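I opened my notebook to look up a few links between side chains. I also wanted to check one helix.

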Amino acid sequence: MRNGLMTSKIGSILMGAIGMTMVAGSAGMWSFAQEGGGLPEGFKKSELVNLPSAEMIEAGKRVYFTKCVWCHGVEGAGDGPAADRLWPRPRNFNQGTFKIRHTASGELPLFDATKPVAGQNDLFETVTHGLPGSAMPPWEGILSEEQRLQVLSFVTSQLVKDRKFDDKASETQTVLDLAGLKATPANKESIDKGAQLVVDKKCVECHGTDGRGDGNAFNLKDDWGFSIQPADWHKCWNFRGSRRDPYNVKNIFRTFSTGLNGTPMPSFADSTSVEERWHIANFVNSLCERDSEGNPLPIDPLTDKPKINFVIPSFSVEGDISDDPENDMWAKQGRRYVAMGGQITHKPRNFVNRIDDLWVKSLYNDKDVVFLIQWDDRTKSVAETKLPWEPTEVNLDQYGVKEQDPKTGEESSIAGHQNKYTVYNDAVAFQFPVKWQEIPPPFKPRYLWGDQKFAADIMKWEADGSIRAFTGTGWDQDFEARDDFNEKITIMKSEWKNGRWTLMVKRPLKGEYEEDTQFDMGKYIPIVFFAWDGHNGDAGRKMAVSAFYYTFLQPPIPREVYIYPLVIGVGVILLEGWVLTRRANKRRGKVL
């Protein structure tokens, strides 16, 4: 895989870095100026701005109670009616703690109600671009520029209660001079130095050996006591401060320079030079998923996620299919990004799914088709005891599998329940309509395990090492076991390593029974993916699910396609040689 070289760099460095102490402290509410020290490298002093006018504040109040109160609450305490169903929870404005800033650790963010200048107005940019990876949406196109400034005028003056944006006696503004700093080119030397620095600075203790956020998945909390996860560096589109520009290394440099107030992510401005922070940022940026040629993935502006191609090609190979993902037959094939969302159609609903994407490849030969599925999961989850339900059961209410249905109050919220769920097996499944050839386009069967008219051919793998085939006839119907087919499907590879699962499953191209999907070359065969995160209490219908994608078996390229150009090329060379020889002989005859 493309990122293997980068992640192995961290792994090799870590061989000599065993025994580090876990760090789980908050960045803290302090500033360099308050500590009495000089300005950190790359920062400059700035002045506090005046509070906005009473008219701006009053207009912003109307915007807030129309658009923002539902998540952030009447008093701005992050306790609106929707807050209990969100993770991470909406920002509590009262303490004046804001993550995304150009100001030093512990300081208030930049905000000026008179000028929405990029890089000089942190809160305006947050409201404009949203916070990818969270429920905070971009408000550009919904609220006008003036309305965004107005609502922020209300928030900063009325809902931030413990601090004052114009209090010159206790507040300072030490600003990262990002516009005046020259970025270090992201060459191999800089990336290698960054790989060493993330070990030296103990970043790997939280973010993991390969940077997938699995280093300290259970112990970290924000300033309000809620569970928090380290960033997965391979998903830069989920970086909260990406400004909808995820591959911009300046966003990463800013985060390492300022820290994320209210979280365990500290500022490194006092322990690294500007050059070192550029090296770290270049390395982290190099880990973010890219295409086979190393180019950034195109981002869909509507979702802030990689753009989706709904066709999953399966390529023809001769002979046995390798079980090594790094084998050339796999490595040269492109991946497909499969977006996953929480199942919120039927109880038990899954409002916060921890698995938000899969990466899929496929190969086939004359007998079998193989699917290679990889996904990031910070925790390997295997149930400690035998599950009380049968593998065919999907209605699990009687076994205590409940949807994320919090009662009122922070302790009962989804955020308050994180890392406290009963642990079940991690699992992945995918389904095809059994009789997909008979489905008239554009009709599709029920995406959730088929229906009575069009049954679904389902294959489900679980982290306990099992794989089973089922027939599904509806979201509320238990599966029908297909024991005979179980003997024909094979787990070629199943491995969790450094925050990533790799699963390789083989099944026959042609089944022997009516409930088996038949794979035909050159046809678009509907496929849906399902994923369960055992540490999220996922089981039964509490899961993540994709939209419909299509498996497409690419017809093999005939050998003649390769042979004919070679024969023609040789023929052209011989013909040209004959013509040139004949001309030369004629000239020689004239001379004689």
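**Entry 1: the disulfide**

I began with Cys236. Is Cys236 buried or exposed? I found Cys236 buried, with a relative accessible area of 1%. I noted that this is a predicted model. I then looked up the partner. A disulfide joins Cys236 to Cys288, with the sulfur atoms 2.2 Å apart. I reminded myself that a disulfide is a covalent bond between the sulfur atoms of two cysteines. Cys288 is buried as well, at 0% relative accessibility.

Where do the two cysteines sit in the chain? I placed Cys236 in the loop between helix H7 (204–207) and helix H8 (249–258). Cys288 lies in the loop between helix H9 (274–287) and strand S3 (299–300). The two are 52 residues apart in sequence, so their link ties those parts together. I also looked up the turn about the S-S bond. The value is -75 degrees, and the link of Cys236 and Cys288 is left-handed. My count of disulfides came to one.

**Entry 2: two cysteines without a bond**

Next I asked why Cys68 has no bond to Cys71. The closest cysteine sulfur to that of Cys68 is in Cys71, 8.7 Å away, which is too far for a bond. A disulfide needs the sulfur atoms within 2.5 Å. I looked from the other side too. For Cys71, the closest cysteine sulfur is in Cys68, again at 8.7 Å. I wrote down that Cys68 is buried, at 14% relative accessibility. Cys71 is partly exposed, at 26%.

**Entry 3: salt bridges**

I turned to charged side chains. Side chains of opposite charge can pair when their charged atoms come close. How many salt bridges did I get? The count comes to 26.

I picked Asp376 and Arg500. They form a salt bridge, with their closest N and O atoms 3.0 Å apart. Asp376 lies in strand S9 (residues 368–376) and Arg500 lies in strand S15 (residues 500–508), so the pair ties together parts that are 124 residues apart in sequence. I checked burial, and both Asp376 and Arg500 are buried. Which residues share a network with them? I listed Arg212, Glu289 and Arg335, linked with Asp376 and Arg500 in a network of salt bridges.

I then looked up Asp520 and Lys510. Their closest N and O atoms are 2.5 Å apart in a salt bridge. Asp520 and Lys510 both lie in the loop between S15 and strand S16 (524–532), so this pair ties together parts that are 10 residues apart in sequence. Asp520 is partly exposed, at 25% relative accessible area. Lys510 is partly exposed too, at 45%.

My last pair was Lys493 and Glu495. They form a salt bridge with the closest N and O atoms 3.7 Å apart. I noted Lys493 as partly exposed, at 24%. Glu495 is partly exposed, at 33%.

**Entry 4: helix H6**

I finished with helix H6, residues 188–200. Does its span agree or disagree with what is expected? At 1.5 Å a residue, its 13 residues should span 18 Å. The end C-alpha atoms are 18 Å apart, so the span agrees.

Which residues of H6 are buried? I wrote down Ser190, Ile191, Gly194, Ala195, Leu197, Val198 and Val199. An α-helix has 3.6 residues a turn, so residues three or four places apart point the same way. Just after H6, I found Lys202 with a positive phi of about 65 degrees.

Methods. Residues are numbered from 1 along each chain as its sequence is written. This is a predicted model: local features need pLDDT of at least 70, side-chain atom pairs count only at pLDDT 80 or more; totals for chains, interfaces and linings use all residues. Side-chain values use heavy atoms; hydrogens and water are left out. A salt bridge is a side-chain nitrogen of Lys or Arg within 4 Å of a carboxyl oxygen of Asp or Glu. Helices (H or I, at least four residues) and strands (E, at least two) are DSSP runs, numbered from the N terminus. Buried means under 20% relative accessible area, exposed over 50%, partly exposed in between (1.4 Å probe, protein chains only). The expected span of a helix is 1.5 Å times one less than its number of residues.
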